[in-house]
Amino acid sequence: GQLVESGGGLVQAGGSLRLSCTASGRTFSGYAIGWFRQAPGKERKLVSSITWLAGRTFYADSVEGRFTISRDTANNSVYLEMNSLKPEDTAVYYCAADYKGTAEFGSWGQGTQVTVTS
């Protein structure tokens with residue numbers, strides 16, 4: 001099933017945003033969901049991920065302590081709470097699914113823009 005992101009926007013440095021990623025069409029049955037981001041002219045990078053059953057989390061060093069990932073299995077959704085935002089967090093944020101636990105992600109959403117002004 002396709003993943004759909006929402007919750008991006010424009011915020012001042014130090015502010016907060018909450019991104020949502022919902023699996024549409026059927027109950028998510030994969031291994032994990034990850035949040036990625038891609039800034040203009042840069043490669044897409046994994047920001048955070050969470051395993052669906054156990055809820056184990058991963059954070060990139062750049063967001064550790066500021067971002068929190070969580071999941072709601074009843075609603076087929078994963079959230080990314082972003083606090084203490086910095087201008088360098090500006091990017092298009094995508095969620096994607098790792099179905100087999102191989103760190104190969106698919107079912108990419110359309111992305112949601114996050115812009116942090118200084």
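Is Ser 84 buried, partly exposed or exposed? The first view takes up that residue, and the legends after it move through the rest of this predicted model.

**View 1. Ser 84 sits in the loop between β8 and β9 (91–98).** At a relative accessibility of 42%, Ser 84 counts as partly exposed, because the exposed class starts over 50% and the buried class lies under 20%. Its backbone is worth a look too: Ser 84 has a positive phi of about 50° although it is not a glycine. For context, most residues other than glycine have a negative phi.

**View 2. Ala 103 is another non-glycine residue with a positive phi, here about 65°.** You will find Ala 103 in the loop between β9 and β10 (105–106). With 57% relative accessibility, Ala 103 counts as exposed, since that value falls over the 50% cut-off. The hairpin of β9 and β10 has six residues between its strands, and Gly 101 in this hairpin takes a positive phi near 80°.

**View 3. An open sheet of four strands runs in the order β1-β3-β8-β7, with antiparallel pairing.** At the edges stand β1 (3–6) and β7 (67–72); each has a single partner strand, so one side of each is left without a neighbour in the sheet. On average, neighbouring strands of this sheet are turned by 15° against each other, direction ignored. In a regular strand, side chains alternate between the two faces of the sheet.

**View 4. Strand β3 (residues 17–23) pairs with strand β8 (residues 77–82) in the antiparallel sense over six bridges.** To find your place in this pairing, start from Leu 19, whose bridge partner in β8 is Leu 80. Then turn to β1, which is joined to β3 by four bridges and runs antiparallel to it. In that pairing, Val 4 has Thr 22 of β3 as its bridge partner. Strand β3 is mostly covered, with five of its seven residues buried.

**View 5. Strand β9 is largely enclosed by the rest of the structure, as seven of its eight residues are buried.** Several strands pair with β9. Strand β4 does so in the antiparallel sense over seven bridges, and here Gln 38 has Val 92 of β9 as its bridge partner. Three bridges join β9 to strand β11 (residues 112–117), again antiparallel, with Tyr 93 standing opposite Thr 112 in β11. Strand β10 pairs with β9 over two bridges, also in the antiparallel sense; the bridge partner of Asp 98 in β10 is Phe 105.

**View 6. Gly 106 lies in strand β10.** Gly 106 has a relative accessible area of 18% and is therefore buried, as the limit for that class is under 20%. For a sense of scale, the C-alpha atoms of Gly 106 and Ser 70 are separated by 19 Å, and these two residues are 36 apart along the chain.

**View 7. Phe 28 and Trp 52 make one of the five aromatic pairs in the structure.** Their geometry is edge-to-face, with 4.9 Å centre to centre and 70° between the planes. The edge-to-face label applies because that class takes planes over 60 degrees apart. This pair links distant parts of the chain: Phe 28 belongs to the loop between β3 and β4, Trp 52 belongs to the loop between β5 and β6 (57–59), and 24 residues separate them. Phe 28 is buried, at 6% relative accessible area, and Trp 52 is buried with a value of 6% as well.

**View 8. Phe 36, Tyr 94, Phe 105 and Trp 108 form one aromatic cluster.** Two of these names connect with other views. Phe 105 is the bridge partner of Asp 98 in the pairing of β9 and β10. Phe 36 falls within the stretch of β4 (32–38).

**View 9. The largest pocket holds about 250 Å³ of space.** Its lining consists of 13 residues, and the closest to the pocket centre are Arg 37, Ala 39, Lys 42, Lys 45 and Glu 88. Strands β4 (32–38) and β5 (45–51) are the elements that give two or more residues to this lining. Strand β5 gives the most, with three residues. By character, the lining divides into five nonpolar, three polar and five charged residues.

Terms used
Residues are numbered from 1 along each chain as its sequence is written. Side-chain values use heavy atoms; hydrogens and water are left out. On a 1 Å grid over the protein atoms alone, a cavity is a set of points where a 1.4 Å probe fits but cannot get out, and a pocket is an open set with protein on both sides within 12 Å along at least five of seven lines; lining residues have an atom within 4 Å of a point. Grid points are joined across faces, edges and corners, and a volume is the space filled by probe spheres set on the points. Ala, Val, Leu, Ile, Met, Phe, Trp, Tyr, Cys and Pro count as nonpolar, Asp, Glu, Lys and Arg as charged, and the others, Gly among them, as polar. Two strands pair if DSSP finds at least two bridges between them. Axes are lines fitted to C-alpha atoms, for helices over the stretch in contact, and angles run from 0 to 180 degrees between N-to-C directions. Buried means under 20% relative accessible area, exposed over 50%, partly exposed in between (1.4 Å probe, protein chains only). Rings of Phe, Tyr and Trp (its six-membered ring) pair if their centres lie within 6.5 Å; planes under 30 degrees apart count as stacked, over 60 as edge-to-face and the rest as tilted.
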